[in-house]
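Good morning, everyone, and thank you for making the time. Please have the sequence and the structure open while I talk, since I will be moving from place to place along the chain.

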Amino acid sequence: MERVYNFSAGPSMLPLPVLEKIQKELVCYGNSGMSVMEMSHRSKVFEEIIQGAEKLLRELMDIPDNYKVMFLQGGGSTQFAMIPMNLFKNKKADFVKTGQWAKKAIEEASKFGTANVIASSEDKTYSYIPVLHKEDFSKDADYFYITYNNTIYGTRYTELPDTGDVPLVADISSNIMSEVIDVNKFGLLFAGAQKNVGPAGVTIVIMREDLISEPISGTPTMLNYSIHSNAGSLYNTPPCFAIYAAKLVFEWIKDMGGVKGVQAINEEKAGILYDYLDASNMFKGTVVYKDRSLMNIPFVTKSDELNAKFIKEATDSGFVNLKGHRTVGGMRASIYNAMPVEGVSKLVEFMKKFEVDNK
């Protein structure tokens, strides 16, 4: 069977050259005589893999020397608790509520202190990024939290809040390495792998060194950043295979011209789909123009019946996982780094034909 164009929000498609390299090295990695899935995380061979992955990530994202990189487990959802456990001193943080993942981060932080919601776009199904007023920011907050790109609702920050001395923390799970990010503006960045980095299993944390300190009392060892940082992400057995796959993705991004090169391709892909949505009489985007995501593009027709018909026919034609999240309805095309321009162009061709056939 031919490979389909997979528009899933995650786990999502991986670059074909990466999959082919994994296939080639699956049984025997290099001269090791074994698969990466079989080797000790304490071995010299795996040490080279994890250190190589960190080196590439630092290079691609231009991560300064005073930031630690950690390869952890537990997905982005574990970070919702790990962040307050490690950063709370005054036990207060500011949040911007822009979707389901921000909401979950707020709920977790509330278990350990005050989660102050300074702005929300819930009133319009999170279809925009709310305007922030600096006078509403807490000067004594331990951190200020945003979801940089909102996977479900298709919004993204085009301008970052100026939080002064309060560390800015961001969930970049769905836009890591899709566009140039100035790491210096953040105290902590984290990303689950399964959208832009590789298979599910590893979570990347990029954290300014001065923020790594004693966590709140009772914090489990496995949720202590200093433990993982001091151990070079090898305190316990890490998700070795997912880290190896991530390293291959980093190599692929470097071959594509780095993050800058990938961003140009992502802007081209998003432009193709948004231009069509803006011109179409049948399909409409759901997000305010200035806040549109490059990665996740939700859209609808005039009826649930027509949405369902489109999703079925698209699936039959090899455009899969286009069904939108239940809170938005309609459709959503997630066009992460691995989605080729051709995939988006062919989807638009299919949408044009569907529009003509269903007038």
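I will go through the strands, then some loops and unusual backbone angles, and finally a helix residue and a cavity. Please keep in mind throughout that this is a predicted model.

Let me begin with strand S5, which covers residues 143-147. Is this strand buried or exposed? Five of its five residues are buried, so S5 is largely enclosed by the rest of the structure. If you look at the directions of the side chains, you will find Tyr143, Tyr145 and Thr147 pointing one way from S5, while Phe144 and Ile146 point the other way, and all of these are buried.

Strand S5 also has pairing partners that are worth tracing. With strand S3, residues 92-97, S5 pairs in the parallel sense over three bridges, and within that pairing alanine 93 has tyrosine 143 as its bridge partner in S5. With S8, strand S5 again runs parallel, this time joined by four bridges, and here tyrosine 145 stands opposite valine 169 in S8. For anyone new to this, strands of a sheet pair through backbone hydrogen bonds, and they may do so either parallel or antiparallel.

The antiparallel case can be seen at strand S2, residues 67-72, where five of the six residues are buried, so that this strand too is largely enclosed by the rest of the structure. Strand S2 is joined by six bridges to strand S10, residues 203-208, and the two run antiparallel; one of the facing pairs consists of phenylalanine 71 and its bridge partner in S10, isoleucine 204.

Further along the chain there is an open sheet of three strands, in the order S11-S12-S14, with antiparallel pairing. Which are its edge strands? They are strand S11, at 284-285, and strand S14, at 331-334, each of which pairs on one side only. Strand S12, residues 296-300, pairs with S14 in the antiparallel sense over four bridges, and isoleucine 297 has alanine 333 as its bridge partner in S14.

Now let us turn to the loops, beginning with aspartate 162, which lies between strand S7 (155-156) and strand S8 (168-171). Leaving aside its neighbours within four places in sequence, aspartate 162 is in contact with Lys134 and Phe137. The side chains of aspartate 162 and lysine 134 are joined by a polar contact of 3.1 Å, and a polar atom of the aspartate 162 side chain also lies 3.2 Å from the backbone nitrogen of glycine 164.

Next come the backbone angles, and as background, most residues other than glycine have a negative phi, and most peptide bonds are trans. Against that background, glycine 10 and proline 11 are joined by a cis peptide bond, with omega at about -5°, and proline 11 sits in the loop between strand S1 (5-6) and helix H1 (16-25). Threonine 125, in the loop between strand S4 (114-120) and S5, has a positive phi of about 50° although it is not a glycine. Methionine 177, in the loop between S8 and strand S9 (188-192), likewise is not a glycine and has a positive phi, of about 60°. As for their surroundings, threonine 125 is partly exposed, with a relative accessible area of 43%, whereas methionine 177, at 1% relative accessibility, counts as buried.

Let me move to helix H5, residues 225-230, where serine 229 is found. Why does serine 229 count as buried? Its relative accessibility is 13%, and the limit for buried is under 20%. Apart from neighbours within four places in sequence, serine 229 is in contact with Lys68, Met70 and Ile212.

Finally, I would like to show you some enclosed space. How many cavities of 30 Å³ or more are there? The count comes to one, and the largest cavity holds about 70 Å³ of space. Of the 14 residues that line the largest cavity, the closest to its centre are Met13, Leu14, Lys195, Asn196 and Val197. The lining as a whole divides into eight nonpolar residues, five polar and one charged.

That brings me to the end, and I am happy to go back to any of these places with you.

Note on methods: Residues numbered from 1 in each chain as written. Predicted model: local features only at pLDDT ≥ 70, side-chain atom pairs only at ≥ 80, totals over all residues. Heavy atoms only, no water. Buried < 20%, exposed > 50% of the residue type's maximum accessible area, 1.4 Å probe, protein only. Contact = heavy atoms within 4.5 Å. 1 Å grid on protein atoms, 1.4 Å probe; cavity = no way out; pocket = protein on both sides within 12 Å on 5 of 7 lines; lining within 4 Å. Points joined across faces, edges and corners; volume = space filled by probe spheres on them. Nonpolar A, V, L, I, M, F, W, Y, C, P; charged D, E, K, R; others polar. Polar contact = N/O pair within 3.5 Å; in protein donor to acceptor, adjacent residues only side chain to side chain. Pairing = 2+ DSSP bridges.
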